[in-house]
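Here is a short report on the fold shown below. Keep the structure open while reading.

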Amino acid sequence: MQQFSKFGIILGIIIAILLVVVINNNKTLETDVSLVSGPFSINNSKYNIGENIFIVVKSLQPNETGRMLIISSNNEIYSNIEFNGSNKPGFNKYFRPTLPNNLVDVCSIDVVGKWKIMLQGVRYQNIYMKIIDNTSGSEINKYKKIC
């Protein structure tokens, strides 16, 4: 009888340890990170529909001139932001991937997916982010999913 009790205790401890490991791994996976390309950065790699995406530009060199093209998941230009390091070495901008106001019954696939900030005129890599099928703020009641 004592062997079954010891076995049960050991089995319980093993299960508890496995649960702690699984929970900690999931928390690690859920943690989001800032994405940086030279002086350009955004604060997360994943965003909800309607969530502000802040672009921070720090310490542009005077010879760094170009533009940031915000490219949507369907490969269209969503926004165009020009920069010139000799005029302004640092600045902050934001954009908000949203659904058009005139749409009521839409599929969120119109916004959801991989977006990028294409950096033209400089040697830095593009920045990629993901818009997930979840709504934030004023977008929550803005549309009704039909897909």
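## Surface and overall make-up

The accessible surface of the protein comes to about 9700 Å², and 55% of that belongs to carbon and sulfur atoms. The model is predicted. Of the 147 residues, 31% count as buried. The protein has one helix and 11 strands. Read from the N terminus, the order is α-β-β-β-β-β-β-β-β-β-β-β. Among contacts between residues at least 6 apart in sequence, 60% join residues at least 24 apart.

## The open sheet

Five strands form an open sheet, in the order S3-S10-S9-S5-S6, with mixed pairing. S3 and S6 stand at the edges. Each has a single partner strand, so one side of each is left without a neighbour in the sheet. From one strand to the next, the twist averages 25°.

Strands of a sheet pair through backbone hydrogen bonds, either parallel or antiparallel. Three of the pairings are set out here, each with an example of residues that stand opposite each other.

| Strand pair | Sense | Bridges | Opposite residues |
|---|---|---|---|
| S3 (residues 46-49) and S10 (residues 127-135) | parallel | four | asparagine 48 and isoleucine 132 |
| S9 (residues 113-120) and S10 | antiparallel | five | isoleucine 117 and isoleucine 127 |
| S5 and S9 | antiparallel | five | isoleucine 70 and isoleucine 117 |

Isoleucine 117 thus appears in two rows: its bridge partner in S10 is isoleucine 127, and isoleucine 70 stands opposite it from the S5 side of the S5 and S9 pairing. S9 and S10 also form a hairpin, with six residues between the strands. In that hairpin, glycine 121 takes a positive phi near 90°.

## The nonpolar core

In soluble globular proteins, nonpolar side chains tend to be buried together. Here the largest nonpolar core has 23 residues. Those with the most contacts inside it are Phe40, Ile42, Ile55, Met68, Ile117 and Met129. Many elements feed this core: S2, S3, strand S4 (53-57), strand S5 (65-71), strand S6 (77-84), strand S7 (91-95), S9 and S10 each give two or more residues.

Which residues does methionine 68 contact, leaving aside its neighbours within four places in sequence? The list is Phe40, Ile55, Val57, Ser79, Asn80, Ile81, Phe83, Phe91, Ile117, Met118 and Leu119.

## Loop residues

Three loop residues deserve a look. Asparagine 44 lies in the loop between strand S2 (40-42) and S3. Is asparagine 44 buried or exposed? Its relative accessible area is 19%, and buried means under 20%, so asparagine 44 counts as buried. Leaving aside its neighbours within four places in sequence, asparagine 44 is in contact with Asp32, Val33, Ser34 and Leu35.

Most residues other than glycine have a negative phi. Serine 59 and asparagine 75 have positive values. Serine 59 sits in the loop between S4 and S5, with phi near 60°. Its relative accessible area is 54%, so serine 59 is exposed, the cut-off being over 50%. Asparagine 75 lies in the loop between S5 and S6. Phi of asparagine 75 is near 65°. Asparagine 75 is exposed too, with a relative accessible area of 63%.

How values were computed: Residues are numbered from 1 along each chain as its sequence is written. This is a predicted model: local features need pLDDT of at least 70, side-chain atom pairs count only at pLDDT 80 or more; totals for chains, interfaces and linings use all residues. Side-chain values use heavy atoms; hydrogens and water are left out. Two strands pair if DSSP finds at least two bridges between them. Buried means under 20% relative accessible area, exposed over 50%, partly exposed in between (1.4 Å probe, protein chains only). Contact means heavy atoms within 4.5 Å. A nonpolar core is a set of buried Ala, Val, Leu, Ile, Met, Phe, Trp, Tyr and Cys residues joined through side-chain atoms within 4.5 Å. Accessible areas come from the Shrake-Rupley method with a 1.4 Å probe; for residues, only the protein chains shown count as cover. Axes are lines fitted to C-alpha atoms, for helices over the stretch in contact, and angles run from 0 to 180 degrees between N-to-C directions.
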